[in-house]
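Trainee: Could you take me through this structure step by step, with the reasoning behind each answer?

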Amino acid sequence: MSRKKVCIFCGAKIGSSKEILIEVDRLLNALVQADFDLVYGGGRDGIMGRIAEHFLKNDKNVIGIRPEKLIIDEPPNEDLTQLIAVNDMYERKAMMIEMSDLFIALPGGIGTLDEILEVYTHVKLGYIEKLCAVLNINGFFDGLDTLLSRMVKDGFLLPHEKEILVVTNSADELMSKVN
Ligand code: AMP
């Protein structure tokens, strides 16, 4: 039987916070120990590169899904188990959603935000039933959580719909939702 696949969305940049990287590494250790394979955006740099290296180093399969344009702009990581080229960002997200068992957003930029919100919307609308979580290291995602609370308060989001996006403050807390 093939291993479960975790899809991780995260920064194409490394960011400026050491604390973020420490907690990210904690989560990566826990995920490889729990024997997950990785699905991600296929990048070489930033937190993306770091997560791919971590899974490969621990003999897990790493599947990168990348639009042709990005492959041309920036050579991909040659060590990936599989690199899937897709036409555009929409096709990429659809494929990630289909092939993965759960979704985690680490700190990142607007690409990360776009991807996790897409998954969240799919779960909310009932297209899929999979875990969708953010690692809220040092309150990185507090702003998003505050916006979702405001949506509930103003009647645009139901309380149970807000709960679908699992906001966790540590790698341990996140792993307790995974198992
Ligand atoms: P960002 O959060 O804006 O750094 O974007 C990161 C997310 O967008 C990743 O999860 C990727 O899926 C996608 N992405 C952004 N930049 C790249 C890149 N250079 N190569 C591959 N994927 C990227």
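Trainee: How many salt bridges does the structure hold?
Mentor: This is a predicted model, and a pair is counted when a side-chain nitrogen of Lys or Arg is within 4 Å of a carboxyl oxygen of Asp or Glu. By that criterion, the number of salt bridges in the structure is 12.

Trainee: How far apart in sequence are the parts that R3 and D37 tie together?
Mentor: The side chains of R3 and D37 meet in a salt bridge, with N to O at 2.7 Å. Because R3 lies in the segment before β1 while D37 belongs to strand β2, the pair ties together parts whose separation in sequence is 34 residues.

Trainee: Is D37 buried or exposed?
Mentor: Its partner R3 counts as partly exposed, at 27% relative accessibility. For D37 the relative accessibility is 5%, and since the limit for a buried residue is under 20%, D37 counts as buried.

Trainee: Which residues are joined with D35 into one network by salt bridges that share partners?
Mentor: D35 forms a salt bridge with K60, the closest N and O atoms being 2.7 Å apart. This pair links distant parts of the chain, as D35 is in the loop between α1 and β2 and K60 is in the loop between α2 and β3, 25 residues apart. Through salt bridges that share partners, D35 is joined into one network with R3, D37 and K60.

Trainee: What separates R26 and E23 in helix α1?
Mentor: The side chains of R26 and E23 meet in a salt bridge at 2.4 Å, N to O. Because the two residues are three apart in helix α1, what separates R26 and E23 is about one helical turn.

Trainee: Which element gives the largest share of the largest nonpolar core?
Mentor: Of the 31 residues in this core, I8, L27, L31, I51, F55 and L106 touch the most other members. The elements that give two or more residues to the core include β1, α2 and α8. The largest share, seven residues, comes from α1.

Trainee: Is F156 buried or exposed?
Mentor: F156 lies in the loop between α6 and α7, and together with L147 and M151 this residue forms a nonpolar patch on the surface, with about 330 Å² of accessible area together. Because its relative accessibility is 69% and the limit for an exposed residue is over 50%, F156 counts as exposed.

How values were computed:
Residues are numbered from 1 along each chain as its sequence is written. This is a predicted model: local features need pLDDT of at least 70, side-chain atom pairs count only at pLDDT 80 or more; totals for chains, interfaces and linings use all residues. Side-chain values use heavy atoms; hydrogens and water are left out. Patches are made of residues with over 30% relative accessible area and no salt bridge: like charges are joined within 9 Å, nonpolar side chains (Val, Leu, Ile, Met, Phe, Trp, Tyr) within 5 Å. Accessible areas come from the Shrake-Rupley method with a 1.4 Å probe; for residues, only the protein chains shown count as cover. Helices (H or I, at least four residues) and strands (E, at least two) are DSSP runs, numbered from the N terminus. Buried means under 20% relative accessible area, exposed over 50%, partly exposed in between (1.4 Å probe, protein chains only). A nonpolar core is a set of buried Ala, Val, Leu, Ile, Met, Phe, Trp, Tyr and Cys residues joined through side-chain atoms within 4.5 Å.
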